[in-house]
Amino acid sequence: MESEAGHGSLSVDSGTGRPVPEAEPKLVERWRSERGELVELLAQVRERFGGVAAFRLGPTPTVLVTDPSAVQHVLARYPERYVKRSHRARLLIGDGVLAATGTAWKGQRRLLQSQFTGTGMRRYEERITEAARTTAERWAGYARTGQSVDVGREMRRFALDAIWRSLTGHPLDDGTEHELDAVAAVTAALPTLPADTSDARDAVAADLARIDAVARHAIEAARNGAAGPDGPGLLRVLTDAATDHPEYTDQLIRDELVTLLAAGHETTATTLTWQYLLLDQYPAAREEALAAGGEGSSQRRQAIQALIHETLRLYPSAWILPRHAVEDDILTGHTVEAGTDILVCPYLTHRDPELWPDPERFDPRRFVTPGGRPAHLGAYFPFGVGPRACLGVQFALRESTVLLEHLLPVHTLAFSDTPTKAAYGMTVRPDGPTVATLVS
(Lines give C-alpha, C1' and ligand atoms only; values in the text may rest on other atoms or scores of the structure.)
Protein backbone atom coordinates (compact mmCIF):
# COMPACT_ATOMS: atom_id res chain seq x y z
CA MET A 1 0.00 0.00 0.00
CA GLU A 2 1.13 3.49 -0.70
CA SER A 3 1.22 5.96 2.16
CA GLU A 4 0.83 9.69 1.70
CA ALA A 5 1.79 12.78 3.62
CA GLY A 6 -1.65 14.39 3.57
CA HIS A 7 -3.39 13.69 6.83
CA GLY A 8 -6.83 15.07 7.65
CA SER A 9 -8.58 14.48 10.94
CA LEU A 10 -11.60 12.26 11.52
CA SER A 11 -14.32 14.65 12.57
CA VAL A 12 -16.54 14.42 15.61
CA ASP A 13 -20.25 14.24 14.86
CA SER A 14 -22.63 16.29 17.02
CA GLY A 15 -20.50 15.83 20.10
CA THR A 16 -21.51 12.17 20.40
CA GLY A 17 -17.93 10.95 20.34
CA ARG A 18 -14.36 12.20 20.48
CA PRO A 19 -11.82 12.12 17.65
CA VAL A 20 -9.86 8.96 17.07
CA PRO A 21 -6.23 9.64 18.15
CA GLU A 22 -4.22 10.21 14.98
CA ALA A 23 -0.68 9.29 14.07
CA GLU A 24 1.09 12.39 12.76
CA PRO A 25 2.08 12.44 9.06
CA LYS A 26 5.81 12.35 9.80
CA LEU A 27 5.48 8.91 11.41
CA VAL A 28 3.87 7.51 8.27
CA GLU A 29 6.37 9.31 6.04
CA ARG A 30 9.32 7.91 7.99
CA TRP A 31 7.91 4.42 7.61
CA ARG A 32 7.52 5.03 3.88
CA SER A 33 11.05 6.38 3.42
CA GLU A 34 12.53 3.46 5.30
CA ARG A 35 10.37 0.99 3.35
CA GLY A 36 9.47 -0.76 6.56
CA GLU A 37 6.95 -3.55 7.04
CA LEU A 38 3.35 -2.48 7.49
CA VAL A 39 3.35 -4.28 10.82
CA GLU A 40 6.17 -2.01 12.06
CA LEU A 41 4.12 1.08 11.32
CA LEU A 42 1.05 -0.43 12.98
CA ALA A 43 3.09 -1.39 16.05
CA GLN A 44 4.35 2.19 16.39
CA VAL A 45 0.86 3.60 15.94
CA ARG A 46 -0.56 1.25 18.61
CA GLU A 47 2.26 1.96 21.05
CA ARG A 48 2.01 5.74 20.74
CA PHE A 49 -1.69 6.32 20.21
CA GLY A 50 -3.47 3.35 21.79
CA GLY A 51 -5.81 0.56 20.77
CA VAL A 52 -7.96 2.71 18.45
CA ALA A 53 -5.84 5.06 16.32
CA ALA A 54 -6.16 6.80 12.95
CA PHE A 55 -3.66 7.31 10.14
CA ARG A 56 -3.58 7.27 6.33
CA LEU A 57 -2.14 4.71 3.92
CA GLY A 58 -3.73 6.40 0.91
CA PRO A 59 -6.68 8.68 0.20
CA THR A 60 -8.98 6.82 2.59
CA PRO A 61 -8.74 7.37 6.37
CA THR A 62 -7.70 4.24 8.22
CA VAL A 63 -8.27 3.25 11.84
CA LEU A 64 -6.13 0.63 13.54
CA VAL A 65 -8.06 -1.48 16.08
CA THR A 66 -6.26 -3.58 18.69
CA ASP A 67 -8.21 -2.77 21.86
CA PRO A 68 -10.23 -5.89 22.88
CA SER A 69 -13.50 -4.00 23.39
CA ALA A 70 -13.13 -2.31 20.00
CA VAL A 71 -12.28 -5.69 18.40
CA GLN A 72 -15.52 -7.15 19.74
CA HIS A 73 -17.46 -4.07 18.61
CA VAL A 74 -16.19 -4.25 15.02
CA LEU A 75 -16.11 -8.00 14.41
CA ALA A 76 -18.75 -9.47 16.70
CA ARG A 77 -21.33 -6.89 17.82
CA TYR A 78 -21.79 -4.77 14.71
CA PRO A 79 -20.43 -6.66 11.69
CA GLU A 80 -23.13 -5.05 9.52
CA ARG A 81 -21.48 -1.66 10.15
CA TYR A 82 -17.97 -2.91 9.43
CA VAL A 83 -18.07 -5.07 6.34
CA LYS A 84 -15.59 -7.19 4.50
CA ARG A 85 -14.92 -5.93 0.99
CA SER A 86 -13.13 -7.62 -1.89
CA HIS A 87 -10.79 -10.31 -0.56
CA ARG A 88 -7.11 -10.10 -1.50
CA ALA A 89 -7.23 -13.72 -2.61
CA ARG A 90 -10.26 -13.38 -4.92
CA LEU A 91 -7.99 -14.02 -7.90
CA LEU A 92 -7.40 -17.50 -6.45
CA ILE A 93 -10.61 -18.33 -4.59
CA GLY A 94 -13.16 -16.49 -6.73
CA ASP A 95 -16.54 -16.31 -5.00
CA GLY A 96 -15.70 -18.89 -2.34
CA VAL A 97 -17.02 -18.36 1.17
CA LEU A 98 -13.99 -16.31 2.28
CA ALA A 99 -14.59 -13.71 -0.43
CA ALA A 100 -18.40 -13.83 -0.64
CA THR A 101 -20.54 -11.12 0.94
CA GLY A 102 -24.20 -10.44 1.71
CA THR A 103 -26.89 -13.03 1.03
CA ALA A 104 -24.58 -15.25 -1.01
CA TRP A 105 -22.13 -15.47 1.89
CA LYS A 106 -24.89 -16.38 4.36
CA GLY A 107 -26.06 -19.30 2.20
CA GLN A 108 -22.54 -20.59 1.58
CA ARG A 109 -21.59 -20.25 5.23
CA ARG A 110 -24.73 -22.08 6.33
CA LEU A 111 -24.00 -25.06 4.07
CA LEU A 112 -20.37 -25.41 5.15
CA GLN A 113 -20.84 -24.63 8.86
CA SER A 114 -22.42 -28.02 9.59
CA GLN A 115 -19.42 -29.79 8.10
CA PHE A 116 -16.95 -28.25 10.55
CA THR A 117 -18.80 -28.62 13.84
CA GLY A 118 -20.17 -31.51 15.90
CA THR A 119 -21.18 -34.52 13.83
CA GLY A 120 -19.69 -33.03 10.70
CA MET A 121 -16.22 -32.83 12.25
CA ARG A 122 -16.42 -36.42 13.51
CA ARG A 123 -16.69 -37.57 9.89
CA TYR A 124 -13.19 -36.27 9.22
CA GLU A 125 -11.37 -37.27 12.41
CA GLU A 126 -10.18 -40.63 11.09
CA ARG A 127 -9.00 -39.01 7.88
CA ILE A 128 -6.98 -36.48 9.86
CA THR A 129 -5.51 -39.32 11.93
CA GLU A 130 -4.54 -41.25 8.79
CA ALA A 131 -2.76 -38.19 7.43
CA ALA A 132 -0.88 -37.89 10.74
CA ARG A 133 0.09 -41.59 10.66
CA THR A 134 1.37 -41.19 7.12
CA THR A 135 3.52 -38.26 8.21
CA ALA A 136 4.79 -40.16 11.27
CA GLU A 137 5.84 -43.10 9.07
CA ARG A 138 7.62 -40.76 6.68
CA TRP A 139 9.44 -39.06 9.56
CA ALA A 140 10.51 -42.44 10.96
CA GLY A 141 12.20 -43.08 7.62
CA TYR A 142 13.93 -39.69 7.71
CA ALA A 143 15.20 -40.42 11.22
CA ARG A 144 16.61 -43.81 10.17
CA THR A 145 18.54 -42.37 7.23
CA GLY A 146 19.51 -39.04 8.77
CA GLN A 147 17.91 -37.23 5.84
CA SER A 148 17.37 -33.50 6.26
CA VAL A 149 13.80 -32.24 5.86
CA ASP A 150 12.23 -28.92 5.00
CA VAL A 151 9.91 -28.57 7.98
CA GLY A 152 7.70 -26.01 6.26
CA ARG A 153 7.19 -28.27 3.28
CA GLU A 154 6.53 -31.28 5.52
CA MET A 155 3.86 -29.37 7.40
CA ARG A 156 2.23 -28.26 4.14
CA ARG A 157 2.29 -31.85 2.90
CA PHE A 158 0.55 -33.11 6.04
CA ALA A 159 -2.06 -30.35 6.13
CA LEU A 160 -2.81 -30.72 2.42
CA ASP A 161 -3.17 -34.50 2.85
CA ALA A 162 -5.61 -33.99 5.75
CA ILE A 163 -7.85 -31.54 3.86
CA TRP A 164 -7.63 -33.53 0.58
CA ARG A 165 -8.77 -36.74 2.33
CA SER A 166 -11.61 -34.78 3.94
CA LEU A 167 -12.67 -33.22 0.65
CA THR A 168 -12.39 -36.26 -1.62
CA GLY A 169 -12.02 -39.40 0.51
CA HIS A 170 -8.66 -40.09 -1.13
CA PRO A 171 -5.17 -39.81 0.36
CA LEU A 172 -2.97 -37.21 -1.29
CA ASP A 173 -0.90 -38.74 -4.09
CA ASP A 174 2.40 -37.34 -5.35
CA GLY A 175 0.95 -36.09 -8.64
CA THR A 176 -1.88 -34.17 -6.99
CA GLU A 177 0.50 -32.74 -4.41
CA HIS A 178 2.79 -31.52 -7.18
CA GLU A 179 -0.05 -29.81 -9.03
CA LEU A 180 -1.43 -28.25 -5.86
CA ASP A 181 1.93 -26.64 -5.17
CA ALA A 182 0.39 -24.02 -7.45
CA VAL A 183 -1.96 -22.97 -4.63
CA ALA A 184 1.00 -21.99 -2.44
CA ALA A 185 2.70 -20.32 -5.41
CA VAL A 186 -0.30 -18.09 -6.14
CA THR A 187 -0.83 -17.33 -2.45
CA ALA A 188 2.80 -16.25 -2.08
CA ALA A 189 2.57 -14.10 -5.22
CA LEU A 190 -0.62 -12.24 -4.27
CA PRO A 191 0.98 -9.34 -2.34
CA THR A 192 3.28 -8.49 -5.26
CA LEU A 193 0.89 -8.89 -8.20
CA PRO A 194 -0.07 -5.88 -10.37
CA ALA A 195 -3.08 -3.86 -9.24
CA ASP A 196 -4.82 -4.42 -12.58
CA THR A 197 -6.88 -7.60 -12.35
CA SER A 198 -6.13 -8.74 -15.91
CA ASP A 199 -2.40 -8.20 -15.50
CA ALA A 200 -2.45 -10.01 -12.16
CA ARG A 201 -4.30 -12.97 -13.64
CA ASP A 202 -1.87 -13.14 -16.57
CA ALA A 203 1.06 -13.23 -14.14
CA VAL A 204 -0.18 -16.42 -12.47
CA ALA A 205 -2.17 -17.89 -15.38
CA ALA A 206 -0.14 -21.10 -15.56
CA ASP A 207 -0.56 -21.85 -11.87
CA LEU A 208 -4.29 -21.07 -11.97
CA ALA A 209 -4.66 -23.46 -14.92
CA ARG A 210 -3.01 -26.25 -12.89
CA ILE A 211 -5.33 -25.59 -9.95
CA ASP A 212 -8.41 -25.51 -12.19
CA ALA A 213 -7.46 -28.84 -13.78
CA VAL A 214 -7.17 -30.56 -10.40
CA ALA A 215 -10.46 -29.02 -9.24
CA ARG A 216 -12.28 -30.01 -12.42
CA HIS A 217 -11.13 -33.63 -12.13
CA ALA A 218 -12.09 -33.84 -8.42
CA ILE A 219 -15.54 -32.33 -9.04
CA GLU A 220 -16.26 -34.73 -11.89
CA ALA A 221 -15.20 -37.69 -9.74
CA ALA A 222 -17.42 -36.58 -6.84
CA ARG A 223 -20.40 -35.99 -9.12
CA ASN A 224 -19.95 -39.42 -10.71
CA GLY A 225 -20.04 -41.06 -7.28
CA ALA A 226 -16.37 -42.10 -7.22
CA ALA A 227 -15.93 -42.28 -3.44
CA GLY A 228 -12.48 -42.73 -1.99
CA PRO A 229 -11.34 -45.46 0.41
CA ASP A 230 -12.87 -43.53 3.31
CA GLY A 231 -16.15 -42.89 1.50
CA PRO A 232 -17.34 -39.61 -0.04
CA GLY A 233 -15.89 -36.35 1.13
CA LEU A 234 -17.05 -32.81 1.66
CA LEU A 235 -16.85 -32.20 -2.08
CA ARG A 236 -19.85 -34.51 -2.49
CA VAL A 237 -21.80 -32.20 -0.18
CA LEU A 238 -21.04 -29.34 -2.56
CA THR A 239 -21.97 -31.23 -5.73
CA ASP A 240 -25.18 -32.52 -4.12
CA ALA A 241 -26.08 -28.97 -3.11
CA ALA A 242 -26.51 -28.07 -6.77
CA THR A 243 -29.69 -30.17 -6.87
CA ASP A 244 -31.60 -27.78 -4.61
CA HIS A 245 -29.44 -24.68 -4.96
CA PRO A 246 -28.87 -23.64 -8.58
CA GLU A 247 -26.30 -21.05 -7.48
CA TYR A 248 -23.91 -23.98 -6.91
CA THR A 249 -22.61 -23.99 -10.46
CA ASP A 250 -19.41 -25.78 -11.38
CA GLN A 251 -17.64 -22.44 -11.01
CA LEU A 252 -18.88 -21.84 -7.47
CA ILE A 253 -18.10 -25.44 -6.50
CA ARG A 254 -14.60 -24.90 -7.89
CA ASP A 255 -14.27 -21.68 -5.89
CA GLU A 256 -15.37 -23.37 -2.65
CA LEU A 257 -13.03 -26.30 -3.27
CA VAL A 258 -10.03 -24.03 -3.85
CA THR A 259 -11.01 -21.87 -0.86
CA LEU A 260 -11.06 -24.92 1.41
CA LEU A 261 -7.78 -26.18 -0.03
CA ALA A 262 -6.02 -22.86 0.40
CA ALA A 263 -7.47 -21.90 3.78
CA GLY A 264 -7.48 -25.50 5.00
CA HIS A 265 -3.79 -26.20 4.67
CA GLU A 266 -1.67 -23.05 4.39
CA THR A 267 -2.59 -21.60 7.80
CA THR A 268 -2.24 -24.93 9.62
CA ALA A 269 1.09 -25.63 7.94
CA THR A 270 2.40 -22.21 8.93
CA THR A 271 1.27 -22.66 12.54
CA LEU A 272 2.96 -26.06 12.80
CA THR A 273 6.17 -24.69 11.29
CA TRP A 274 6.24 -21.88 13.85
CA GLN A 275 5.48 -24.49 16.52
CA TYR A 276 8.67 -26.39 15.78
CA LEU A 277 10.75 -23.23 15.53
CA LEU A 278 9.47 -22.14 18.95
CA LEU A 279 10.11 -25.56 20.48
CA ASP A 280 13.66 -25.36 19.16
CA GLN A 281 14.02 -22.08 21.06
CA TYR A 282 12.14 -23.29 24.16
CA PRO A 283 12.85 -27.06 24.38
CA ALA A 284 11.53 -27.33 27.96
CA ALA A 285 8.00 -26.64 26.65
CA ARG A 286 8.03 -29.96 24.77
CA GLU A 287 9.17 -31.86 27.84
CA GLU A 288 6.49 -30.23 29.99
CA ALA A 289 3.76 -31.14 27.49
CA LEU A 290 4.84 -34.78 27.30
CA ALA A 291 5.17 -34.98 31.09
CA ALA A 292 1.63 -33.70 31.60
CA GLY A 293 0.16 -37.17 31.02
CA GLY A 294 0.55 -40.49 29.30
CA GLU A 295 -0.02 -41.26 25.64
CA GLY A 296 -3.65 -40.59 24.70
CA SER A 297 -4.48 -38.94 28.03
CA SER A 298 -6.63 -35.83 28.25
CA GLN A 299 -3.87 -34.15 30.28
CA ARG A 300 -1.31 -34.55 27.51
CA ARG A 301 -3.80 -33.47 24.88
CA GLN A 302 -4.62 -30.34 26.87
CA ALA A 303 -0.90 -29.56 27.22
CA ILE A 304 -0.31 -30.02 23.48
CA GLN A 305 -3.28 -27.78 22.72
CA ALA A 306 -1.70 -25.15 24.98
CA LEU A 307 1.44 -25.33 22.82
CA ILE A 308 -0.69 -24.70 19.76
CA HIS A 309 -2.65 -21.84 21.32
CA GLU A 310 0.51 -20.08 22.46
CA THR A 311 1.96 -20.46 18.96
CA LEU A 312 -1.25 -18.97 17.55
CA ARG A 313 -1.02 -16.12 20.03
CA LEU A 314 2.39 -15.15 18.68
CA TYR A 315 1.62 -15.97 15.05
CA PRO A 316 -2.15 -15.89 14.51
CA SER A 317 -3.60 -17.53 11.41
CA ALA A 318 -5.22 -14.23 10.44
CA TRP A 319 -2.67 -11.59 11.46
CA ILE A 320 -4.72 -8.67 10.10
CA LEU A 321 -8.45 -8.37 9.36
CA PRO A 322 -9.47 -5.47 7.07
CA ARG A 323 -12.99 -4.05 7.33
CA HIS A 324 -14.78 -0.99 5.91
CA ALA A 325 -17.16 1.26 7.84
CA VAL A 326 -20.39 1.63 5.85
CA GLU A 327 -22.06 3.99 8.30
CA ASP A 328 -21.06 6.50 10.99
CA ASP A 329 -20.46 4.88 14.35
CA ILE A 330 -19.12 5.45 17.85
CA LEU A 331 -16.28 2.99 18.49
CA THR A 332 -15.35 2.77 22.18
CA GLY A 333 -16.13 6.46 22.56
CA HIS A 334 -14.50 7.55 19.29
CA THR A 335 -16.38 8.74 16.23
CA VAL A 336 -15.68 6.80 13.04
CA GLU A 337 -17.17 8.14 9.83
CA ALA A 338 -18.65 6.05 7.02
CA GLY A 339 -16.01 5.33 4.39
CA THR A 340 -13.22 4.69 6.90
CA ASP A 341 -11.04 1.62 6.44
CA ILE A 342 -10.53 -0.46 9.59
CA LEU A 343 -7.53 -2.68 10.27
CA VAL A 344 -8.17 -5.10 13.13
CA CYS A 345 -4.83 -6.64 14.06
CA PRO A 346 -4.79 -9.84 16.15
CA TYR A 347 -0.99 -9.93 15.86
CA LEU A 348 -0.66 -6.71 17.86
CA THR A 349 -3.49 -7.42 20.30
CA HIS A 350 -1.80 -10.71 21.16
CA ARG A 351 1.47 -8.89 21.88
CA ASP A 352 0.01 -6.10 24.00
CA PRO A 353 1.94 -6.11 27.31
CA GLU A 354 -1.10 -4.72 29.14
CA LEU A 355 -3.00 -7.89 28.17
CA TRP A 356 -0.20 -10.44 28.00
CA PRO A 357 2.69 -10.03 30.47
CA ASP A 358 6.09 -10.55 28.83
CA PRO A 359 4.29 -10.94 25.50
CA GLU A 360 7.28 -11.90 23.35
CA ARG A 361 8.02 -14.94 25.50
CA PHE A 362 6.66 -18.34 24.41
CA ASP A 363 4.82 -19.64 27.49
CA PRO A 364 2.11 -22.29 26.89
CA ARG A 365 1.25 -22.23 30.59
CA ARG A 366 -0.81 -19.11 29.86
CA PHE A 367 -3.46 -21.48 28.45
CA VAL A 368 -3.51 -24.07 31.25
CA THR A 369 -3.02 -21.89 34.33
CA PRO A 370 -6.12 -20.25 35.86
CA GLY A 371 -5.90 -16.53 35.18
CA GLY A 372 -2.99 -17.06 32.80
CA ARG A 373 -4.72 -15.37 29.89
CA PRO A 374 -6.96 -12.30 29.62
CA ALA A 375 -10.65 -12.95 30.24
CA HIS A 376 -11.81 -10.51 27.56
CA LEU A 377 -13.05 -12.26 24.41
CA GLY A 378 -11.35 -9.71 22.18
CA ALA A 379 -7.90 -10.33 23.64
CA TYR A 380 -7.27 -13.64 21.83
CA PHE A 381 -8.73 -14.27 18.38
CA PRO A 382 -6.23 -16.02 16.07
CA PHE A 383 -9.04 -17.15 13.74
CA GLY A 384 -11.08 -13.97 13.97
CA VAL A 385 -14.26 -13.58 16.01
CA GLY A 386 -17.92 -13.00 15.24
CA PRO A 387 -19.99 -14.27 12.30
CA ARG A 388 -17.04 -14.19 9.88
CA ALA A 389 -14.64 -16.06 12.14
CA CYS A 390 -12.82 -18.91 10.39
CA LEU A 391 -15.10 -21.85 9.59
CA GLY A 392 -12.34 -24.38 10.09
CA VAL A 393 -11.23 -23.56 13.63
CA GLN A 394 -12.08 -27.00 15.02
CA PHE A 395 -10.57 -28.71 11.99
CA ALA A 396 -7.31 -26.76 12.26
CA LEU A 397 -6.93 -27.31 16.00
CA ARG A 398 -7.78 -30.99 15.66
CA GLU A 399 -5.28 -31.72 12.89
CA SER A 400 -2.51 -29.77 14.67
CA THR A 401 -3.16 -31.64 17.92
CA VAL A 402 -3.29 -35.08 16.30
CA LEU A 403 -0.07 -34.54 14.37
CA LEU A 404 1.82 -33.36 17.45
CA GLU A 405 0.48 -36.32 19.44
CA HIS A 406 2.11 -38.56 16.85
CA LEU A 407 5.40 -36.69 16.40
CA LEU A 408 6.36 -34.95 19.65
CA PRO A 409 6.98 -38.11 21.73
CA VAL A 410 9.24 -39.58 19.04
CA HIS A 411 11.31 -36.82 17.48
CA THR A 412 13.04 -33.57 18.21
CA LEU A 413 14.36 -31.39 15.41
CA ALA A 414 17.85 -30.00 14.97
CA PHE A 415 17.62 -26.99 12.66
CA SER A 416 20.62 -26.22 10.47
CA ASP A 417 19.58 -22.57 10.65
CA THR A 418 16.50 -20.71 11.85
CA PRO A 419 14.83 -17.68 10.27
CA THR A 420 15.31 -14.48 12.22
CA LYS A 421 12.38 -12.59 10.69
CA ALA A 422 8.75 -13.09 9.76
CA ALA A 423 7.16 -12.30 6.40
CA TYR A 424 3.71 -10.71 6.52
CA GLY A 425 1.57 -11.71 3.57
CA MET A 426 -1.67 -13.68 3.50
CA THR A 427 -0.28 -15.35 6.61
CA VAL A 428 2.64 -14.48 8.85
CA ARG A 429 5.32 -17.04 8.02
CA PRO A 430 9.01 -17.63 8.70
CA ASP A 431 11.10 -15.56 6.30
CA GLY A 432 13.72 -18.12 5.45
CA PRO A 433 14.42 -21.85 5.11
CA THR A 434 13.41 -24.28 7.85
CA VAL A 435 15.70 -27.24 7.17
CA ALA A 436 16.28 -29.69 10.02
CA THR A 437 17.33 -33.22 10.85
CA LEU A 438 15.27 -35.51 13.08
CA VAL A 439 16.62 -36.77 16.36
CA SER A 440 14.79 -39.76 17.86
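At what angle do helix α7 and α12 pack, and how far apart are their axes? The views below come from a predicted model.

**View 1. Helices α7 and α12 pack against each other.** Helix α7 covers residues 151–168. Helix α12 covers residues 250–281. The two pack at an angle of about 145°. Their axes are 8 Å apart. Two packed helices are described by exactly these quantities, the angle between their axes and the distance between the axes. The crossing of α7 and α12 is right-handed. From α7, the contact includes Val-151, Gly-152, Met-155, Phe-158, Ile-163 and Trp-164. From α12, the contact includes Leu-257, Leu-260, Gly-264, His-265, Ala-269 and Tyr-276.

**View 2. Trp-274 and Tyr-315 form a stacked aromatic pair.** The model holds 9 aromatic pairs. In this one, the ring centres lie 3.6 Å apart. The angle between the planes is 0°. Planes under 30 degrees apart count as stacked, so this pair qualifies at 0°. Trp-274 sits in helix α12. Tyr-315 sits in the loop between α14 (298–314) and β5 (321–325). The two residues are 41 residues apart, and the pair links distant parts of the chain. Are these rings buried or exposed? Trp-274 is buried, at a relative accessible area of 6%. Tyr-315 is buried too, at 14%. Tyr-315 has a charged partner as well: the charged end of Arg-351 sits over its ring, 5.2 Å from the centre.

**View 3. Thr-311 of helix α14 is buried.** Its relative accessible area is 1%. Buried means under 20%, so Thr-311 meets the cut-off at 1%. Which residues does Thr-311 touch, not counting residues up to four places away in sequence? They are Thr-271, Trp-274, Gln-275, Leu-278 and Phe-362. Trp-274 is also a member of the stacked pair in View 2.

**View 4. Trp-356 and Tyr-380 form an edge-to-face pair.** Their ring centres are 6.2 Å apart. Their planes meet at 65°, so the pair is edge-to-face. Both residues lie in the loop between α15 (346–349) and α16 (393–407). The pair ties together parts that are 24 residues apart in sequence. Both Trp-356 and Tyr-380 are buried.

**View 5. Other rings form a cluster or sit under a charge.** Ring pairs link Trp-319, Tyr-347 and Tyr-424 into a cluster. Elsewhere, the charged end of Arg-81 sits over the ring of Tyr-78. The distance from the charged end to the ring centre is 3.7 Å.

**View 6. Strands β4, β12 and β9 form an open sheet.** The 3 strands run in the order β4-β12-β9, with antiparallel pairing. The edge strands are β4 and β9, and each pairs on one side only. How many bridges join strand β4 to β12? There are 2 bridges between β4 (residues 149–150) and β12. Strand β9 (residues 412–415) pairs with β12 over 4 bridges. Ala-436 of β12 is the bridge partner of Val-149. Ala-436 is also the bridge partner of Phe-415.

**View 7. Strand β12 has a covered face and an uncovered face.** In a regular strand the side chains alternate between the two faces of the sheet. Strand β12 covers residues 435–439. Ala-436 and Leu-438 make up its covered face. Val-435, Thr-437 and Val-439 make up the uncovered one.

Conventions: Residues numbered from 1 in each chain as written. Predicted model: local features only at pLDDT ≥ 70, side-chain atom pairs only at ≥ 80, totals over all residues. Heavy atoms only, no water. Phe/Tyr/Trp six-rings, centres within 6.5 Å; stacked < 30°, edge-to-face > 60°. Buried < 20%, exposed > 50% of the residue type's maximum accessible area, 1.4 Å probe, protein only. Lys NZ or Arg CZ within 6 Å of the ring centre and 35° of its normal. Pairing = 2+ DSSP bridges. Axes fitted to C-alpha atoms, helices over the stretch in contact; angles between N-to-C directions. Left-handed = near helix turned anticlockwise from the far one by under 90°. Contact = heavy atoms within 4.5 Å.
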